[in-house]
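Colleague: I am new to reading protein models, and I would like a close look at one part of this one. Please start with a single charged side chain and its partner, and then lead me onward from there.

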Amino acid sequence: MRSTSVRFLVVLMFSHITSAFTNNQNNVSIVIIGAGAAGIAAATRLMEHTFTNVQILEAEDYIGGRVRSVEFGDAYVDLGAEYCHGQKDNVVYELAKNYLASEKPELVIHYSENGEPLPHKLQETLLNISHTVSHRSDNSSLPHPCKNVYSEGSCLDYVFKFESSKGKIKHELWKLAYEWLKSYASATESAIHLDDVSLISEYEELEGDQMLTWQGQGFKTIFNIMTNDTKLNVKFKTKVVKILDWTTDSQLILVEDGYNLTAKHVIFTPSLGVLKSTHEKLFYPSLLDERRISIDQIGFGVLVKVALYFNKSWWSLDNPKILACMWSRDHDDEMDKLNLRWLRQFVAFTRVEGNPNVLMAWFAGEKTPQIESLAEEELLKGISFLLKCFTGTYSNVSMPSKLLSSKWLANLNFRGAFSFDAVKAYIDGLSGLREALGSPTLSATGMPTLLFAGEATHPKRYATVHGAIESGYREADRLIKYYKSIKS
C-alpha cells in the first residue's frame, strides 16, 4: 500500500509539473511581424503545437503579403505570386494539388513590324539561350562563351556575340531578339539590371510543371488551406517602427500608431526590400555585422504585372499561348513622340485561367520603376499602342476597357518583388548569405529571441511561395524544439 501511495504522489507531482510547463508554453508571448506566406506558416505551425499567445502584426489590410489575389473580371487575378512552381517536394503542391491545374502554354513571339510570329527556330534558340544562362550552380556546366564572366547580363552578351558570329540569323533581327530576351530574363529574376544577377546560383528548381495555375481562385487559396479554420490573431494596418532590446527575452515592439507591446520571441518576416531600407532604424541595438552583410549583398528586384480586362476576348481560349512582342526599330520615332519607350520592357501577355476576358501583361527591366509610376490612362495608351503593332494576324482585336497594376516597388511595406543572387557577392567570395540572414539571435541563456523568415532566407528555394512557407515552418519548429528541450 505504501509503495502504491508513493507512486501515486510521484505521478501526481509529475503531472503538475507537466501541466505547469504546458501552460507556460501556451502563454509564452510570440509576435510575428508580417502576415505573408512565412508569417502564416509560422503562426499555424505554432498553434498546432499548443502555442496560443501568438499575435501577427500586418502593415497591410489583408493576409498574403506578396501573394495578392484580387477580384477582377470573372474571377481572381494575382498581382504578385501567380504560379505554383514544381510538384516534387513542393509544400504548396502537397497542400493544394486538388486546386491546381496544368496549362502548359506555348510561347509565341510576334514581330511588331508586321505582327507575324518569329520563325519557330529563332524562338527555340532564344529560349535555349535563356535556359543556358540561368540557375547554374557551378562553372563546370557553363557554355564556352561564358567561362570568364560572372553576371547573367554579361553571359547573354557573350552568347549573342557567339551566335551572331555564325551568321545564320539576320543581324538586325538578332539584335532586336537580344533586347526582348533581356527583359524576359529580368522577369525571371525580378532584376532591374540583369548585370546585377549572378550567373552562379544555388536556386533549386523543383521537378514538375513550373506554371501550375489556381483555376481562377487565386494564390490566396493556399492561405485558406493552411489556416483550415484556425482563428488567427492578426492586427491589420499595424506598421512596426522599432524593435528594442531584441537580445533579451523581453523585446519591446513599437508601432506607428503608438500601440506598443512586449514579446519573448519575435519572428520577423517582411521582405528583404524592407530590411534593406529600414534595418538601421528599425532594430536597436543594431543587427550584427553578419546579418547586415547578408541584407546588403543579396539582390532584391521588381517586375510589373498589369491585369487587362477586354469586353470580348480576341485570343484563343482553347489553345493557351504566352504572347510576346519583339519591337522593330520602325516604331522608335513614334514611341519617342508619345513617350512610350517603356514599352520596350514588355515581356509577354499570359492568359488568366478562369477569366476568359482577362490578359496579364508582364514588364521587367530598367524602366520598371517608371512603369509603376504611370497613371492608368498612360498605361492604357501604351498597351493599346502595343496591341495595334503586334496583333496583325489576329481578327477583331479590341482594346482593354480597364486595368489593375502592381506597385510592389512603390509600396513601402514591400519595396520590391523577390530576391535573387547578386553578382557582387559571388565576385567578393561571399557564401552562406541566406543562411546567415535566416539564423536566429540567441539570448545569453541560448533562447531564440529574434528570428527571421521569408523567401530570401531560404538557401535554395528563395523567390518562391513554397520557399517562404518552408522558412516559416523552420522558425516555428525552432521554437517548438527549444521548448521541448527545456521540458526534457
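Modeller: Let's begin with Arg351, which counts as buried because its relative accessibility is 15%, and the cut-off for buried is under 20%. Please keep in mind that this is a predicted model. The partner of Arg351 is Glu353, and the two form a salt bridge in which the closest N and O atoms are 3.4 Å apart. Glu353 has a relative accessibility of 25%, so it counts as partly exposed. One pair therefore joins a buried residue, Arg351, to a partly exposed one, Glu353. As background, side chains of opposite charge can pair when their charged atoms come close.

That pair has company, since the structure holds 24 salt bridges. Take Lys381 and Glu378, whose closest N and O atoms are 3.6 Å apart in their salt bridge. Why do these two sit where they do along their helix? Both belong to helix H12 (residues 376-390), and because they are three residues apart there, about one helical turn separates them. Lys381 is partly exposed at 34% relative accessible area, and Glu378 is partly exposed as well, at 29%.

Another example is the salt bridge of Lys424 with Asp428, with 3.1 Å between the closest N and O atoms. Here too each partner is partly exposed: Lys424 has a relative accessible area of 48%, and Asp428 has 44%. Charged residues can also link up in groups, and one network of salt bridges connects Glu179, Arg329, Asp332, Asp336, Arg341 and Arg344. Try picking out those six side chains in the viewer.

From charged pairs we can move to a pocket that has charged residues in its lining. The second largest pocket holds about 380 Å³ of space. It is lined by 20 residues, and those closest to its centre are Glu202, Asp421, Leu430, Ser431 and Gly432. Two elements each give two or more residues to this lining, helix H13 (423-427) and helix H14 (433-437). H14 provides the largest share, three residues. As for chemistry, nine of the lining residues are nonpolar, six are polar and five are charged.

Next, look at the strands. An open sheet has four of them in the order S11-S10-S9-S13, and the pairing is mixed. Strand S11 (260-263) and strand S13 (283-284) each have a single partner strand, so they stand at the edges, and one side of each has no neighbour in the sheet. In general, the strands of a sheet pair through backbone hydrogen bonds, either parallel or antiparallel. S10 (residues 251-255) and S11 run antiparallel and are joined by four bridges. Within that pairing, Leu252 has Thr262 of S11 as its bridge partner, and Ile253 stands opposite Leu261.

The two strands also make a hairpin, with four residues between S10 and S11. In its turn, Gly258 has a positive phi of about 90°. Now follow the side chains along S11, which alternate between two faces. Leu261 and Ala263 point to one face and are buried, whereas Asn260 and Thr262 point to the other and are not. Thr262, the bridge partner of Leu252, is thus a handy residue to look for when you trace this strand.

Let's finish with the cysteines, where a link of another kind appears. A disulfide is a covalent bond between the sulfur atoms of two cysteines. The structure holds one disulfide, and it is formed by Cys146 and Cys155, with their sulfur atoms 1.9 Å apart. The angle about the S-S bond is 95°, and the link of Cys146 and Cys155 is right-handed. Both of these cysteines are buried.

Which cysteine sulfur is the closest to that of Cys389, and why is there no bond? The closest one is in Cys325, but at 7.1 Å it is too far for a bond. Cys389 is buried, with 13% relative accessible area. It also brings us back to a helix we have met, as position 389 falls within H12 (residues 376-390), the helix of Lys381 and Glu378. Cys84 is buried too, with a relative accessible area of 1%.

Definitions and conventions
Residues numbered from 1 in each chain as written. Predicted model: local features only at pLDDT ≥ 70, side-chain atom pairs only at ≥ 80, totals over all residues. Heavy atoms only, no water. Pairing = 2+ DSSP bridges. Salt bridge = Lys/Arg side-chain N within 4 Å of Asp/Glu carboxyl O. Buried < 20%, exposed > 50% of the residue type's maximum accessible area, 1.4 Å probe, protein only. 1 Å grid on protein atoms, 1.4 Å probe; cavity = no way out; pocket = protein on both sides within 12 Å on 5 of 7 lines; lining within 4 Å. Points joined across faces, edges and corners; volume = space filled by probe spheres on them. Nonpolar A, V, L, I, M, F, W, Y, C, P; charged D, E, K, R; others polar. Disulfide = S-S within 2.5 Å.
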